[in-house]
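Let's take a walk through this model, one helix at a time. Keep the viewer open as you read, and rotate along.

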Amino acid sequence: MYVLVLQKTLIYAIPLLIVALGGMFAERSGVINLALEGEMIFGAFVGAVFVYAMQSAGNLTSHPQLMFILAILIGGLSGAAFSLLLSFSAINLKADQTIGGTALNMLAPAIVCTVGLAFFNGEKITMPLSTNYAIINEDAPDFLKIFIDKAYISTYLMIIVFVLLSIWIFKTKTGTRMRACGEHPQAAASVGINVYKMRYLGTTISGFLAGMGGYVYIATTAGGTAESGVAGMGFLALAIMIFGNWKPLGIALGALLFGFLKCLGAVSSSIDILKSIGLPMYFYNIIPYFVVLVVLALTAKKSGVPKAEGIPYDKSTR
């Protein structure tokens, strides 16, 4: 029983982990990225289009793991490209970042529905062939099954990316400069740091991670089928970033917590204890969102939000 729960926890936690880290990058640079949900949807959609095209042409069908990795990268690149809309409006036009992020969250589903209806005869993309990328090792010992049975290569790739980028933003000169732009942009500019460039970099990395997380989510939970939503995972990731106090370790713990809560609905029919309670599946599905409200209410006063987050920078003002 615990093996199934932990396996599902990892499946749901990994997209939350990488997307929440993406949100941290944008906000550490000084840009509020409420568009994580839209970037996930757009990245998942473009990644699914790539897989659909490859399967329809008969390419890479004998190398599913390679196709999976390429789809994740393409999802990330498309998420980064989509995030440029937020960067331009927030940095160049100095528009309200909350409204800009909300607009992108509305734009992404509209694009998916429009393109889906125009080219795929539906508001979602259904793959011609199976996209089950799980690696099966049923003979492994129970504990190891958590990590290597019905596991996805994306789990380990995302953990590696998470660790490397967490080190990069806190231990490198460029990462330190980016964080300075989210705290005191005028002071950063006074020592020659290009605040606009650093904020573009932070937001673009944020979009890249969100796009990757979007495709990983649909590939591991929906058979690669992309539609106009990702079940609020982008908003959960945003809450995890706040819960984690804009720090990688806190984000990792938050992702595991909410990954566990998110998986309860998926495993409720397979766990005897949960079945004996007799609650419907939808009850378990609302638990993560209810906990988000409670956690944010309890941690609001201890928030370590970057001081210049959401404040447009004007280089003419010193």
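Start with helix H10, which is largely enclosed by the rest of the structure, because eight of its 11 residues are buried. Keep in mind as you look that this is a predicted model. The buried set in H10 runs through Met-233, Gly-234, Leu-236, Ala-237, Leu-238, Ala-239, Ile-240 and Met-241. What do the buried residues of H10 pack against? Their partners are H1, helix H2 (36–57), helix H9 (195–221), H11 and H13.

The stretches on either side of H10 are worth a look if you like backbone torsions. In the loop between H9 and H10 sits Ala-231, which has a positive phi of about 60° although it is not a glycine. With a relative accessible area of 41%, Ala-231 falls below the 50% needed for exposed and above the 20% limit for buried, so it is partly exposed. Just after H10 comes Asn-245, again with a positive phi, about 60°. Then there is Trp-246, in the loop between H10 and H11, another residue other than glycine with a positive phi, near 60°. Is Trp-246 buried or exposed? Its relative accessibility is 4%, and buried means under 20%, so Trp-246 counts as buried.

From H10, step across to one of its packing partners, H13. Helix H13 covers residues 281–299, and its 19 residues should span 27 Å at 1.5 Å a residue; the end C-alpha atoms are 29 Å apart, which agrees. There is a bend of about 30° in H13 at Ile-287, and a proline, Pro-288, follows within four residues. Pro-288 is also buried, as are Tyr-284, Val-292 and Val-295 in H13. The buried residues of this helix pack against helix H10 (233–243), helix H11 (248–267) and helix H12 (272–277).

For contrast, pick out Tyr-282, also in H13. At 60% relative accessibility it is over the 50% cut-off, so Tyr-282 counts as exposed. Tyr-282 is 131 residues from Ala-151 in sequence, and their C-alpha atoms are 26 Å apart in space. Over in helix H12 you'll find Asp-272, which counts as exposed because its relative accessibility is 56%. Measure out from there to Pro-185: the two residues are 87 apart along the chain, and their C-alpha atoms are separated by 55 Å.

Now swing round to H1, another partner of H10. H1 has 28 residues and reaches 40 Å from its first C-alpha to its last, close to the 40 Å expected at 1.5 Å a residue. H1 bends too, by about 30° at Ala-13, with a proline, Pro-15, following within four residues. Most of H1 is covered, with 24 of its 28 residues buried. After the helix comes Gly-30, with a positive phi near 110°.

Which residues have the most contacts inside the largest nonpolar core? They are Phe-25 and Tyr-215, in a core of 84 residues. H1 supplies the largest share of this core, 12 residues. Center your view on Phe-25 and, setting aside neighbours within four places in sequence, you'll see contacts with Leu-165, Trp-168, Ile-169, Met-178, Gly-202, Ile-205, Ser-206 and Leu-209.

One of those contacts of Phe-25, Met-178, leads to the meeting of two helices. The axes of helix H1 (residues 2–29) and helix H7 (residues 173–183) come within 5 Å and cross at roughly 65°. On the H1 side the contact involves Phe-25, Arg-28 and Ser-29; on the H7 side it involves Met-178, Arg-179, Cys-181, Gly-182 and Glu-183. Sorted by class, this H1–H7 contact has three nonpolar, two polar and three charged residues.

Finish on Glu-183, which lies in H7. Its relative accessibility is 22%, over the 20% limit for buried, so Glu-183 counts as partly exposed. Beyond its neighbours within four places in sequence, Glu-183 is in contact with Arg-28, Pro-306, Lys-307 and Ala-308. Ser-270 is 87 residues away from Glu-183 along the chain, and the C-alpha atoms of the pair are separated by 47 Å.

Conventions: Residues numbered from 1 in each chain as written. Predicted model: local features only at pLDDT ≥ 70, side-chain atom pairs only at ≥ 80, totals over all residues. Heavy atoms only, no water. Axes fitted to C-alpha atoms, helices over the stretch in contact; angles between N-to-C directions. Helix = DSSP H or I, 4+ residues; strand = E, 2+ residues; numbered from the N terminus. Contact = heavy atoms within 4.5 Å. Nonpolar A, V, L, I, M, F, W, Y, C, P; charged D, E, K, R; others polar. Core = buried A, V, L, I, M, F, W, Y, C linked by side-chain atoms within 4.5 Å. Buried < 20%, exposed > 50% of the residue type's maximum accessible area, 1.4 Å probe, protein only. Expected span 1.5 Å × (residues − 1). Bend = angle between axes of the 7 residues up to and from the residue.
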